[in-house]
Amino acid sequence: MPQPLIPADAALQLLTPEEMGRVDRATIAAGTPGSVLMERAGRALAERVRDRWDGGRIVVLAGPGNNGGDGFVAARWLAGWGFAVELALLGERTALRGDAALAAAAWSGPVGSLTRPVLDGVGIVVDALFGAGFRGALTDDAAAWAMATADAAVPVVAADLPSGVDGATGTVSGASFLARESVTFGRAKPGHFLLPGAARAGAVSVVDIGLDPAAIAAAADAEPGPMWRNRPTSWRDRLPRRRADAHKYAFGHVVVVAGDVSHGGAGRLAARSALAAGAGLVTLACPSPAVSVNAARLDAVMVRGVDDGDLEPLLEDRRRNVWVLGPGAGVGPRLREQVATVLGAGRTAVLDADALTSFADGLDELGHLIDAACVLTPHAGEAARLATPTGDKVADARFLAARTGAVVVLKGFDSVIAAPDGAVRIADNGCAALATAGSGDVLAGLIAGLLAGGMAAFDAAAAAVWLHNAAGAAAQRALTADDLPGLVRFVLPIATERGP
């Protein structure tokens, strides 16, 4: 009987390799032998290889640990189904221990050494060298296979995660395998969706091997907090809905604080995006000399002149409930004061770009100012100005969120959305077409529009990231940031459909 894929909602949950190790041990302690788990994992791996096979020999590369044991099991099943299978082991067979040794003993075929790659006539390579807990650099022999399979475009199916990729952080030190598919067991890992691992893992299949549900729940509830792939199923039911008796003020009033005449484009992009995300009203606040320029380029967005950067008159109307500060606003003391004024008034805020750089030496000050819902949207450079990066994107986003009390969107193809309580969502629909000027300003506006409609900060940030990526994918190579607000209306209905 085939090993089943886990339910769609469970497939969105992520566990680190350390957490998964605790789940494995708890499952075994609860009565399921490790050899049974390995048999299920190896068979599931073999089934995915069988489904991908398109001719040629199958080469299974087995490592010295449990990942290699999965490879031995897979090889046995594939050979039993009549496939031509070769197995190469990294290390000595006599050095295998525990369940991996049992799996190797059940394999009746020859065991070769992991030597120079020979790929003539090979249809698929099964990478069962190292699992998600791998850190550091591959051995020379393993690296040679990784590079050879990539150069020859031989399909690779990876057991758990491509060897060479750190399952916790997605980092790669040196070479790693480039997989067409990664078959992972119980739950996916952060490294499947964090770069550069996300670009190496291929399609990710999450297989149910009978891990203890209570142990999985305990791992997810433990510090520092749960992690999920960012999909609409997590937040679609909280998207703002328009009732028949609703009016524009029911969906909030966003104020975007824009820059001078020569830097107004970023603010205009954010303002248009806030409307596209459903804000009832949007006002662009800009220096008085820029009013005519902005008004000539905006129709549904109101434009207000702000003399000497004074936002107090606009703050008097509490219906202006969500504020965007940073896009094109100019780094410096004035913007820092404007942020302090808005946050001091208890307004919900999205702080982007220049607003974040203006606090490069004042992370604690920013945290003390935040007393209401707030979302920070740094890219890697801006995050590094706020705090020293560790190389672990999830840890960096969590640090900023905990230190400031804001939701943090650490942007990129693999955007990480972190809440102050440690909860994390990782984008799995990243779009490389968004690497274009102005796309970050659009994201800030989308978040603001959803906040204005009543979404909580963590949900609004996650929904905006997904919509932003989906809108980018709708345009692909022809994309400019100006296109994105108009594309949001096409992808919003997709987000409300039932499904993962």
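Start by selecting phenylalanine 83 in this predicted model: its relative accessibility is 18%, so phenylalanine 83 counts as buried. Now add tryptophan 53, which comes out as partly exposed at 35%.

Keep both on screen, since they make one of the 4 aromatic pairs counted here. Their ring centres are 5.2 Å apart and the planes meet at 70°, so call this one edge-to-face. Zoom out a bit to see where the two rings come from: tryptophan 53 is in the loop between helix 2 (34–52) and strand 2 (57–62), while phenylalanine 83 is in the loop between helix 3 (66–80) and strand 3 (85–89). The pair therefore ties together parts that are 30 residues apart in sequence.

Next up, pick phenylalanine 130 and phenylalanine 134. With 4.9 Å between the ring centres and 40° between the planes, this pair is tilted. Phenylalanine 130 is buried at 17% relative accessible area, and phenylalanine 134 is buried too, at 11%.

Time for some charges over rings. Show arginine 43 and tryptophan 77: the charged end of arginine 43 sits over the ring, 4.2 Å from its centre. Then jump to arginine 319, whose charged end sits over the ring of tyrosine 249, 4.2 Å from its centre.

Last stop: empty space. Searching the whole structure turns up 1 cavity of 30 Å³ or more, holding about 70 Å³. To see its lining, select Val257, Ala258, Ala285, Cys286, Pro287, Val306, Gly309, Ala329, Arg334 and Gln338. Strand 11 (281–286) and helix 10 (333–344) are the elements giving two or more residues to that lining. Colour the lining by type and you get 7 nonpolar, 2 polar and 1 charged.

Conventions. Residues numbered from 1 in each chain as written. Predicted model: local features only at pLDDT ≥ 70, side-chain atom pairs only at ≥ 80, totals over all residues. Heavy atoms only, no water. 1 Å grid on protein atoms, 1.4 Å probe; cavity = no way out; pocket = protein on both sides within 12 Å on 5 of 7 lines; lining within 4 Å. Points joined across faces, edges and corners; volume = space filled by probe spheres on them. Helix = DSSP H or I, 4+ residues; strand = E, 2+ residues; numbered from the N terminus. Nonpolar A, V, L, I, M, F, W, Y, C, P; charged D, E, K, R; others polar. Phe/Tyr/Trp six-rings, centres within 6.5 Å; stacked < 30°, edge-to-face > 60°. Buried < 20%, exposed > 50% of the residue type's maximum accessible area, 1.4 Å probe, protein only. Lys NZ or Arg CZ within 6 Å of the ring centre and 35° of its normal.
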